[in-house]
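I am opening my notebook on a new chain and want to write down, entry by entry, what I looked up. I will begin with the whole and then turn to single residues.

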Amino acid sequence: MLRHAEDLQRLQLADQHVAFVDRDPGTGAMPLVLLHGGAIDHRMWGPQLDAFPERRVVAPDARGHGWSSAATEARLCDDVVALLDALEIERAVLAGISMGGGTAVDTALEHPDRAAGVVAGGVGTSEPVFEDPWALDLFAQWQRAEAAGDAQAWMAAFMAFVPGPHRTREDVDPEVWDAVEAMAWHTLKEHVVVGPDGIPVPPARPTGVNDTWARLLRVAAPVLAVVGAVDGDDHRKMAERLAALVPQGELAVVDAAAHYPNLERPEEFNRLVRDFLAKVA
């Protein structure tokens with residue numbers, strides 16, 4: 001499932017270099033920009049890169065991920081617009097999972113003229129709300145692992161999101177598990193700096209966009225909130241809330257999938273995106 005795109009491109013922008021895949025058939029159809037989740041990279045979109053041959057598909061690596069620049073405090077939504085500018089793309093449909101979904105919503109809020117539509121998977125906005133003890137415990141494990149510089153413990157906490165709270169690793173296609181794990185290990189290897197004491201230095205956090213939930217009524221673009229049926233309870237609630245709060249929102253639930261429905265159920269996910277594109281672009 002996981003393969004390094006043979007046509008990965010690199011572009012030097014004002015304050016970063018960005019790696020991205022750009023499939024452009026030259027049809028003039030509204031482009032689709034795919035934004036990956038946290039700790040992984042553009043390769044999560046393997047099942048989608050060639051699924052929309054009628055339109056341009058761009059899949060970048062965010063700062064601090066994949067083959068792009070190290071993380072900084074820059075806003076990820078501004079990075080999306082900088083790449084659109086460099087590629088001379090005026091408007092696009094933005095589709096993201098998890099962190100990428102939050103970035104897509106942020107872009108629609110902060111740069112409304114650039115988002116023709118938004119697909120946000122397993123998320124509401126870039127200000128996630130976590131209340132479920134399962135998720136809170138995982139984040140606590142994650143923080144302890146970061147503080148101790150324990151890469152194995154960090155990875156174990158991260159990978160728990162793949163099956164979600166209602167399944168085990170055995171319920172996940174091994175190819176999906178291996179793909180997510182390989183991308184996360186690459187992020188740790190390439191983007192985590194070890195200090196003189198031998199402890200990894202936490203990467204810079206991107207600057208957030210504020211009051212996103214309160215401002216969702218201002219999102220002019222149509223929004224498709226997608227969530228796996230067995231994703232974490234908080235992720236499902238956020239997707240439902242997003243679809244309910246934006247003026248043009250709809251919710252799609254992908255059966256037998258958790259946090260990465262595009263990987264676990266690619267045909268269903270692609271159909272949902274294709275139907276959404278037909279309505280908005």
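The entries below go from the overall fold to a few chosen places.

**Entry on the whole chain**

I noted before anything else that this is a predicted model, and I kept that in mind for each later entry. I then looked up the secondary structure and found eight helices and 10 strands in the chain. For the overall extent, I read that the C-alpha trace spans about 50 × 40 × 35 Å along its principal axes.

Is the chain's radius of gyration in agreement or in disagreement with that of a compact globule? Because a compact globule with 281 residues would have a radius near 19 Å, and the chain has 18 Å, I wrote down that the two agree. I also looked up how much is covered, and of the 281 residues of the chain, 54% count as buried. When I took the contacts between residues at least 6 apart in sequence, 74% of them turned out to join residues at least 24 apart.

**Entry on surface and charge**

The chain exposes about 12,000 Å², and I noted that carbon and sulfur atoms supply 52% of that area. Counting charged side chains gave 24 positive and 43 negative, with the centres of the two sets lying 3 Å apart.

**Entry on helix H4**

I turned next to helix H4, which covers residues 151-159, and found Trp 154, Met 155, Ala 157, Phe 158 and Met 159 buried there. What covers these buried residues? I found that the cover includes helix H3 (133-148) and helix H5 (174-191). At the N-terminal end of H4 I found a cap, Asp 150, one of whose side-chain oxygens lies 3.2 Å from the backbone nitrogen of Gln 152.

**Entry on two positive phi angles**

I looked up two residues that have a positive phi although neither is a glycine. Ser 98 has a phi of about 55° and lies in the loop between strand E5 (92-97) and H2. Asp 211 has a phi near 55° and lies in the loop between strand E8 (200-201) and strand E9 (223-228).

Is Ser 98 buried or exposed? Its relative accessible area is 19%, so I entered Ser 98 as buried, given that buried means under 20%. For Asp 211 the relative accessible area is 53%, and therefore I entered Asp 211 as exposed.

**Entry on His 235**

His 235 lies in helix H6, which covers residues 233-245. Because its relative accessibility is 5%, His 235 counts as buried. I found a polar contact of 3.4 Å between the side chain of His 235 and the side chain of Asp 231. Leaving aside neighbours within four places in sequence, I listed the residues in contact with His 235, among them Phe 130, Phe 161, Val 227 and His 259.

**Entry on Glu 264**

Glu 264 lies in helix H7, residues 261-264. With a relative accessibility of 10%, Glu 264 counts as buried. Which backbone atom does its side chain reach? The side chain of Glu 264 reaches the backbone nitrogen of Ala 258 at 2.9 Å. Beyond four places in sequence, Glu 264 touches several residues, including Val 162, Arg 167, Val 172 and Val 176.

**Entry on Leu 251 and Gln 248**

I placed Leu 251 in strand E10, residues 249-254, and Gln 248 in the loop between H6 and E10. Leu 251 counts as partly exposed at 38% relative accessibility, and Gln 248 is partly exposed too, with a relative accessible area of 43%.

The C-alpha atoms of Leu 251 and Ala 225 are separated by 4.8 Å, though the two residues are 26 residues apart along the chain. Ala 225 also appears among the residues that Leu 251 touches, as do Ala 239 and Glu 240. Gln 248 and Gly 117 are 131 residues apart in sequence, and I read 9.8 Å from C-alpha to C-alpha. The residues that Gln 248 touches, not counting those up to four places away, are Ala 220, Ala 221, Pro 222 and Val 223.

**Entry on Pro 112**

My last entry is on Pro 112, which I found in the loop between helix H2 (99-110) and strand E6 (115-121). At 45% relative accessibility, Pro 112 counts as partly exposed. Pro 112 and Ala 140 are 28 residues apart in sequence, and their C-alpha atoms are 35 Å apart in space.

Note on methods. Residues numbered from 1 in each chain as written. Predicted model: local features only at pLDDT ≥ 70, side-chain atom pairs only at ≥ 80, totals over all residues. Heavy atoms only, no water. Helix = DSSP H or I, 4+ residues; strand = E, 2+ residues; numbered from the N terminus. Buried < 20%, exposed > 50% of the residue type's maximum accessible area, 1.4 Å probe, protein only. Polar contact = N/O pair within 3.5 Å; in protein donor to acceptor, adjacent residues only side chain to side chain. Contact = heavy atoms within 4.5 Å. Rg over C-alpha atoms; globule rule 2.2 N^0.38 Å. Areas by Shrake-Rupley, 256 points an atom, 1.4 Å probe, with all protein chains shown as cover. Lys, Arg positive; Asp, Glu negative; His and termini not counted. Charge placed at Lys NZ, Arg CZ, Asp CG, Glu CD.
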